[in-house]
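Please open the structure in a viewer and keep the selection panel at hand. The tour begins with the whole chain and then turns to a single helix.

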Amino acid sequence: MLLMQPPLVSSRFHSLYYIPRRHHRFFQRPISAFSATASCSPSSYFSSWNGLDASEKEEEEEEELSTLVRRRYDFSPLLKFLSRFGPVELVLDSVNLEPLPAVSLDPVEFELAESYKAVPAPYWHSLLKSLCSSRSSLGLAYAVVSWLERHNLCFSYELLYSILIHALGRSEKLYEAFLLSQKQTLTPLTYNALIGACARNNDIDKALNLISRMRQDGYQSDFVNYSLVIQALTRSNKIDSALLQSLYREIKHDKLELDVQLVNDLIMGFAKSGDPSRAMQLLGMAQSTGLSAKTATLVSIISALANSGRTLEAEALFEELRQSGIKPRTKAYNALLRGYVKTGPLRDAESMVSEMEKSGVSPDEHTYSLLIDAYVNAGRWESARIVLQEMEAGDVQPNSFVFSRLLAGYRDRGEWQKTFQVLKEMKSIGVKPDRQFYNVVIDTFGKFNCLDHAMSTFDRMLSEGIEPDRVTWNTLIDCHCKHGRHIVAQEMFESMEKRGCLPCATTYNIMINSYGDQERWDDMKRLLGKMKSQGVLPNVVTHTTLVDVYGKSGRFNDAIDCLEEMKSVGLKPSSTMYNALINAYAQRGLSEQAVNAFRVMTSDGLKPSLLALNSLINAFGEDRRDAEAFAVLQYMKENGVNPDVVTYTTLMKALIRVDKFQQVPGVYEEMIMSGCKPDRKARSMLRSALRYMKQTLRAS
């Protein structure tokens, strides 16, 4: 509640208006001047105030209104009265939000209230917006609204509260905004203000919940709300194609007309979610209705296409951008360059950089880092170093990110020893490692079981004042778990919490897997409870991990319960989850249960993967049912699933298990004929079969 001090001792106020009081005339803008506001819905009025679709004419009218307010009305006596004991602080609580009733008034306050009776509501709105423009005067703005309610001087309170809620949202005071919204029944205007406040503070779940409640109350959300929510999703990298499709269906169901801003937000959202097909579809629809896409939107589609390996389509859109008269900037070139790096044509990547320079577009550090990626992927280390030299010659200082990409290339090629060389090179040109670089170094050492080096890097990171983030902690915990150092992983998990870094779903998933490997079932259940209590919802990976650890330990009932629980909360089991379960059955030779899990997988609409089918072959092999194992191979051929070296190796193992050594060379030959290159294990199977055949001949 806003804590109001006792009334001031009676004194005379100076004249309220700048015009002489003796005229007894008040300036009031003609009613027709507000017709534009009156004719539009509260929702659209507030939307335009949000600044998303305000025209120049509306801005001029707003400025004109503010000027008239300053000229004809003097609110300084009221503001002085409300802040007479110093700056007014905004203090709200959930218990008492009601304004004090005007039962008995000090004569001074009574005179003040009487003097403001003739002020039209739009002028109060303008005053409130002016106060809300500064974070320091939010308390005074709330005091004005409470005072108006106390004296019943303005009839459009929902707009006043909407203005306040909007301002609180912009000032990152979302909790206070929700408390304030409890003062009145939610209307479209206050709903919109709250949704906007949630979206601006990236509280997407609350925003979506409010849109749903708004619909349940019989109100239609407007396009601004959807724009704000999609923008928030994009900003927070929580964008998901399925969620966007749901929002788009709601927009079409409500028959909302897409404006330029919303259509661009939707297209960019689909592109950022990794769904370029829907982004392209929506782009075509928008262009057919005369809506134009912004350059940033087109660049996001090019980037999404390139990331999906659809380089030809990315090239076509890039060319369309150029032919429209827009000169592509560095970001557009980088988006297409990323596609060339991903798909592998090094010559195209080099040509793209040359074209940039010819077009007068300067490459940035991201351009050079992508080119370094391309050279590292091709194994051309010297060319990558030449790029570093070109950066320095072109006055583009190589930063830590560029070196992290170079190091990641070495890591992925298994050349982790070159980490020290990269560090030395960075030091020689004065580039300081940042958090991202250290994360790559720790990951590199962790992958190759150099855990002492990983911990030394972590200590050095701390000594340089760089605070570890979730990626750092997750990488350290995971690499210790994978190499069986579960006690150290547990200590790192506890240290993470002590340093104030809250574990995310990935952290919990790693620790759940660790407890499962150790068969610490009670600790695992406690951890799951803690995860939920902290508001971190188990995701598909969590359930997959649970199914995997339960299956490996033979706790198949728990694994099935986990699957059912997942379905009950609306999550769809993935192929990976069923693969884990089928493989767990296979390891124990439970072929019937593996087949049953396979059938459930297909009934759930999931296409059988190569991994699942290989696990099924292994299950039959372990159960000495070689005929059924070969039946799976036939199923693969009939359904367009290409067998790999694991398929044939598993079949050879199944034959050896039932002493059918003479058939193994035929399977080996078929593997070679199908284009699979035998690995060490396949060759070992063949040698074993031939050795048994030779022994059999000698024995006979």
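With the whole chain selected, consider that residues 24 or more positions apart make up 66% of the contacts (heavy atoms within 4.5 Å) having a separation of 6 or more. This is a predicted model, in which local features need pLDDT of at least 70 and side-chain atom pairs count only at pLDDT 80 or more, while totals for chains, interfaces and linings use all residues. Residues are numbered from 1 along each chain as its sequence is written, and side-chain values use heavy atoms, without hydrogens and water.

Colour next by secondary structure: the protein chain has 38 helices and zero strands, both being DSSP runs numbered from the N terminus (helices H or I, at least four residues; strands E, at least two). Of its 700 residues, 47% are buried, that is, under 20% relative accessible area, against over 50% for exposed and in between for partly exposed (1.4 Å probe, protein chains only).

Now select residues 556-568, helix H31. Its 13 residues reach 18 Å from first to last C-alpha, close to the expected 18 Å, which is 1.5 Å times one less than the number of residues.

Within H31, display Phe 556, Ala 559, Cys 562, Leu 563 and Met 566, its buried residues. They lie on the same side of H31, because they cover an arc of only 115° around the axis, taken from the directions to the C-beta atoms. Asn 557 and Ser 568, on the other side, are exposed.

Add helix H30 (540-552) and helix H32 (575-587), which are among what covers the buried residues of H31. Finish at Gly 570, which follows H31 and has a positive phi, near 90°.
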